[in-house]
Amino acid sequence: MKLIIEETDIIPGYDMENISPKGEMLFFDIETTGLKKETTQIYLIGCGYFNEKGNFEIRQWLANSASDERAVLEEFLDFASDYKVLVHFNGDGFDIPYVEYKAEYYGFGPSLTRFESVDIYKLIKPYKKFFGLDRMNQTSVERFLKIERRDKMNGGILIPYYYEYERTGDPECERLLLLHNNDDIRGMLHLSDMLSYADMFAGKFCVRDPKAPAAVFENTCILEYTLRSPVPVPVLYEGDGLMIAAEGDLLQVNLKIFEGEARIPIANVEDYYYLPEEDRVIHKDVAEFVDRKFRRKATAKNCFLKKGGSFIAVPDEMLSGVSAGPGGKCYIPDRKGKLRPCVEIDRITHAQAEELCTLSGLILNKL
């Protein structure tokens with residue numbers, strides 16, 4: 001078995017203290033001779049951590065032969081025992097179950113279950129459409145972030161190189177194996193910059209200018225926020241009635257304004273009658289004075305009050321946790337006549353902008 005230690009000068013763009021103290025975090029990645037843990041082996045484990053000087057250091061354990069697998073695993077687990085948080089890319093799906101299986105096989109017992117797991121892949125996967133990516137593997141995300149890799153191979157291609165290294169000790173094979181894993185660990189620290197977007201989707205931003213919380217231009221409500229974590233690459237998303245753009249620490253959310261009448265549902269439908277000719281409802285105490293041929297029992301579809309004003313349409317189920325303004329929860333018809341939830345706006349006060357800030361966070365979370 002070989003141990004390689006390298007101190008780097010990599011500086012992450014994302015503030016890792018948002019996750020946990022740097023000294024508690026361990027980035028890790030494994031290389032194996034196949035996907036099926038029962039019949040393949042770990043031949044290389046790499047990890048990254050912040051050393052006592054605050055620099056990002058990479059440590060790799062390389063098996064010289066299949067018989068070194070136990071030693072590689074034992075050395076890694078012993079080193080990892082000083083840490084509390086594991087950071088990885090899709091490690092919940094592959095690396096951690098693989099290591100757990102091997103640890104149990106060698107009698108080490110549960111090894112990684114005590115760690116807090118931060119899977120960058122799982123945190124950003126739901127927003128693949130937002131990023132315009134066809135795939136969310138590490139190489140695709142690195143390309144999105146414009147990260148240049150020195151290594152040009154993938155793990156599957158390198159398996160024969162390991163067998164050649166095991167057989168002959170070829171230094172070029174060793175270099176390629178270590179380089180690939182080293183780039184994965186380096187890349188993982190860069191990939192942590194994607195957590196800036198995860199923070200954005202989680203609503204971790206605030207109104208940018210309390211004195212001018214919003215602007216209205218051509219039936220569009222323009223909201224500007226300051227992101228807690230600046231994004232590394234500008235992004236733009238346009239959907240039904242909204243536009244979202246983020247660059248640096250600026251998040252702009254444009255919401256289409258509907259001018260007209262919104263409908264406010266009435267809960268106790270059984271207490272109301274509907275007047276078809278007037279398209280309105282009246283309480284049953286008043287309805288008894290109206291001729292029967294001009295009234296009928298109200299239903300959920302027509303039992304509502306009308307309110308004129310300016311409204312912002314929001315995606316379905318967006319009003320949970322957010323009030324709909326002075327008139328309560330209300331709905332407006334879209335171009336197809338389908339009712340959509342909305343919030344009422346008049347003058348955008350700072351308090352209302354804060355509420356729309358929460359709403360914007362909910363919208364981002366539903367993309």
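In the predicted model, Lys-293 is exposed, with a relative accessible area of 66%; because exposure is assigned to residues with over 50% relative accessible area, Lys-293 falls in that class. This lysine belongs to the loop that runs between α9 (284–287) and β13 (296–297). Its C-alpha atom is separated by 9.4 Å from that of Leu-275, a residue 18 positions away along the chain.

For the protein chain as a whole, 10 helices and 16 strands are found, and buried residues make up 49% of the 367 residues. Among the contacts with a separation of 6 or more, 68% are accounted for by residues 24 or more positions apart.

Six of the strands form an open sheet of mixed pairing, in which the order is β1-β4-β3-β2-β5-β6. The edges of this sheet are β1 (2–7) and β6 (116–119), each of which pairs on one side only, and from one strand to the next the twist averages 20°. Helix α1 (residues 69–80) packs on the sheet, where it touches β2 (25–32), β3 and β4, and the direction of the helix makes about 15° with that of β3.

Within the sheet, strand β3 (residues 42–50) pairs with strand β4 (residues 56–62) in the antiparallel sense over seven bridges, and β2 and β3 are likewise antiparallel, pairing over six bridges. Individual bridges place Gly-46 in both of these pairings: the bridge partner of Gly-46 in β4 is Gln-60, whereas Gly-46 is itself the partner, in β3, of Asp-29. A further bridge between β3 and β4 joins Gly-48 to Ile-58, the latter being the partner in β4. The hairpin of β3 and β4 has five residues between the strands, and in this hairpin Gly-54 takes a positive phi near 85°. Nine of the nine residues of β3 are buried, so this strand is largely enclosed by the rest of the structure. In a regular strand, side chains alternate between the two faces of the sheet.

Helix α2 (residues 95–105) includes Asp-95, and the buried residues of this helix are Asp-95, Ile-96, Tyr-98, Val-99, Glu-100, Lys-102 and Ala-103. The elements that cover these buried residues include β2, β3, α1, β5 (85–88) and β6, among them β6, an edge strand of the sheet described above. Just after α2, Gly-107 takes a positive phi of about 80°.

The surroundings of Asp-95 were examined in further detail. Although Asp-95 is buried, this residue has no salt bridge, and the nearest side chain of opposite charge, that of Lys-37, is 12 Å away. Because a salt bridge requires a side-chain nitrogen of Lys or Arg within 4 Å of a carboxyl oxygen of Asp or Glu, the 12 Å to Lys-37 does not qualify. A polar atom of the Asp-95 side chain does, however, lie 3.1 Å from the backbone nitrogen of Ile-30. When residues up to four places away in sequence are not counted, Asp-95 touches Phe-28, Asp-29, Ile-30, Phe-89 and Asn-90. Of these neighbours, Asp-29 is also the residue whose bridge partner in β3 is Gly-46, and Ile-30 is the one whose backbone nitrogen lies 3.1 Å from the Asp-95 side chain.

Technical notes: Residues are numbered from 1 along each chain as its sequence is written. This is a predicted model: local features need pLDDT of at least 70, side-chain atom pairs count only at pLDDT 80 or more; totals for chains, interfaces and linings use all residues. Side-chain values use heavy atoms; hydrogens and water are left out. Helices (H or I, at least four residues) and strands (E, at least two) are DSSP runs, numbered from the N terminus. Buried means under 20% relative accessible area, exposed over 50%, partly exposed in between (1.4 Å probe, protein chains only). Lys and Arg count as positive and Asp and Glu as negative; His and the chain ends are not counted. A polar contact is a pair of N or O atoms within 3.5 Å; within protein, one must be able to donate a hydrogen and the other to accept it, and residues adjacent in sequence count only if both atoms are side-chain atoms. Contact means heavy atoms within 4.5 Å. Two strands pair if DSSP finds at least two bridges between them. Axes are lines fitted to C-alpha atoms, for helices over the stretch in contact, and angles run from 0 to 180 degrees between N-to-C directions.
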